[in-house]
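Trainee: Before I rely on the terms used for this protein, I would like to see how each one is justified. Could we go through them together?

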Amino acid sequence: MVDFPVLPDFSQQVPLTNNLFLFTHLLLLLWPGEMNSEEVSVVGPGESILALVGEEVEFSCHLSPYLDAEDMEIRWFRSQTSEVVHLYQGRQELYSQQMVQFQNRTKLLKDDIMDGSVNLQLLGIIPHDEGLMPADEGLYGCRFLSSNFSREAVWELEVAGMGSDPHISLEGFKEGGIQLKCSSSGWYPKPQAQWKDHKGQCLPPKMEAIVQDAQGLFNLETSVIVQGGAHSNVSCSIQNSLLIQKKEFTIQIADAFLPGTSPWKRAFLGSLVGLPFLLAFLSTLALYFFQKQRRSQGTGQGGASRQAQEKLQTHCMKRAEGQYSILASHLLGTDIQPASNSIPPHRLLTE
């Protein structure tokens, strides 16, 4: 009997060999070191982001396609790469090259760094001022650097701040009307103020002053003269152009304190200022003649006479003030207290 050699059947191993080749080729394609650097890009926060004064902002950057960035250098910078905001290198954070204004104000979030995604938090946003304090607003960027590619993304940071609620105060009578002042503080950038009457029509400001404080925030004061016939509501609004938000305050002026179109009323309002002085003069004159008459009758009643004089003077002053308030109340149609108990200007306004 003849023995024939048995040869192995290689036809059944061919599919296994083909699968192994395809798997190996796929790994090479996906391996970061073998990827074409032209295909890698960095995706940043966008063209522009907005942050509020005093709060924090987060810059997110990631590789596209997603690659392991744990062994790469990741650098956040200002307008150029030498101006370091934060630096990650050799699997650790380095602070020796960090700009002074960002020291102790940055925090790196790297939980997803193996997927090529990192976030940087910037704390306590600082506005721009005209002093020595550098501002946070401006151009930023992040750069990923490996052995075979360098890619970066840039964006602009804008800073804004809402100020305090406007406050309106009465400054007095001027140019035939009442002058009101509106003030507010803590705005960024420079705010815009506007006065309006009860019909919603704009009132031209008499004065407007905007100054920047040591923290880089803007404080505003503006005034307007409300003429007779304006009536009731007058509002002051202050707007932030970046946030497109505004704060507004409205007051209601009593009609009695708006000079009317009648000449006699304007003349009377002017006379009210000098009337107390006239009454005081008349009281002093009456007291003088009383003292002269008492001296002619002798000095035997010295102590009692002086007490009677003081009582008479007090009585005359109170009676004069009472007549003044009654006259003013009758003509203006409102309650006015004597000069010794005059109402502060802000009591003439009701919110």
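Mentor: We will take the sheet, the disulfides and a surface patch in turn. This is a predicted model, in which local features need pLDDT of at least 70 and side-chain atom pairs count only at pLDDT 80 or more, whereas totals for chains, interfaces and linings use all residues. Residues are numbered from 1 along each chain as its sequence is written, and side-chain values use heavy atoms, with hydrogens and water left out.

Trainee: What makes β4 and β9 paired strands, and in which sense do they pair?

Mentor: Strands here are DSSP runs of E with at least two residues, helices are runs of H or I with at least four, and both are numbered from the N terminus. Two strands pair if DSSP finds at least two bridges between them. Strand β4 (residues 73–77) and strand β9 (residues 138–145) have five bridges, in the antiparallel sense, so they meet that definition. Within this pairing, I74 has F144 of β9 as its bridge partner.

Trainee: How do the other strands fit around β9 and β10?

Mentor: The open sheet has six strands in the order β2-β10-β9-β4-β5-β6, and its pairing is mixed. β9 and β10 are antiparallel over eight bridges, with G141 partnered by V154 in β10, and a hairpin of four residues joins β9 to β10. By contrast, β2 and β10 (residues 150–160) run parallel over five bridges, where A51 stands opposite V159.

Trainee: Why are β2 and β6 said to stand at the edges?

Mentor: β2 (48–52) and β6 (92–94) each have a single partner strand, so one side of each is left without a neighbour in the sheet.

Trainee: How do you know that C61 and C142 form a disulfide?

Mentor: A disulfide is a pair of cysteine sulfur atoms within 2.5 Å, and the sulfur atoms of C61 and C142 are 2.1 Å apart, so the pair qualifies. C61 lies in strand β3 (residues 57–64) and C142 in strand β9, so the link ties together parts that are 81 residues apart in sequence. The structure holds two disulfides; the other joins C182 to C236, again with an S to S distance of 2.1 Å. That second pair connects strand β12 (residues 177–187), which holds C182, with strand β17 (residues 233–240), which holds C236, across 54 residues.

Trainee: Why is the disulfide of C182 and C236 called left-handed?

Mentor: The torsion about its S-S bond is about -80°, so the disulfide is left-handed. The link of C61 and C142 is left-handed as well, with -110° about the S-S bond.

Trainee: What makes C61 and C142 buried, while C202 counts as partly exposed?

Mentor: Buried means under 20% relative accessible area, exposed means over 50%, and partly exposed lies in between (1.4 Å probe, protein chains only). C61 has 1% and C142 has 0%, so both count as buried, whereas C202, at 49%, is partly exposed. C182 and C236 are both buried too.

Trainee: Which residues form the nonpolar patch on the surface, and how do you know that F281 is exposed?

Mentor: L278, F281, L282, L285, Y288 and F289 form the patch, with about 610 Å² of accessible area together. Patch residues have over 30% relative accessible area and no salt bridge, like charges being joined within 9 Å and nonpolar side chains (Val, Leu, Ile, Met, Phe, Trp, Tyr) within 5 Å. A salt bridge is a side-chain nitrogen of Lys or Arg within 4 Å of a carboxyl oxygen of Asp or Glu, and accessible areas come from the Shrake-Rupley method with a 1.4 Å probe, where for residues only the protein chains shown count as cover. F281, which lies in helix α2 (residues 263–296), has a relative accessible area of 52% and is therefore exposed.
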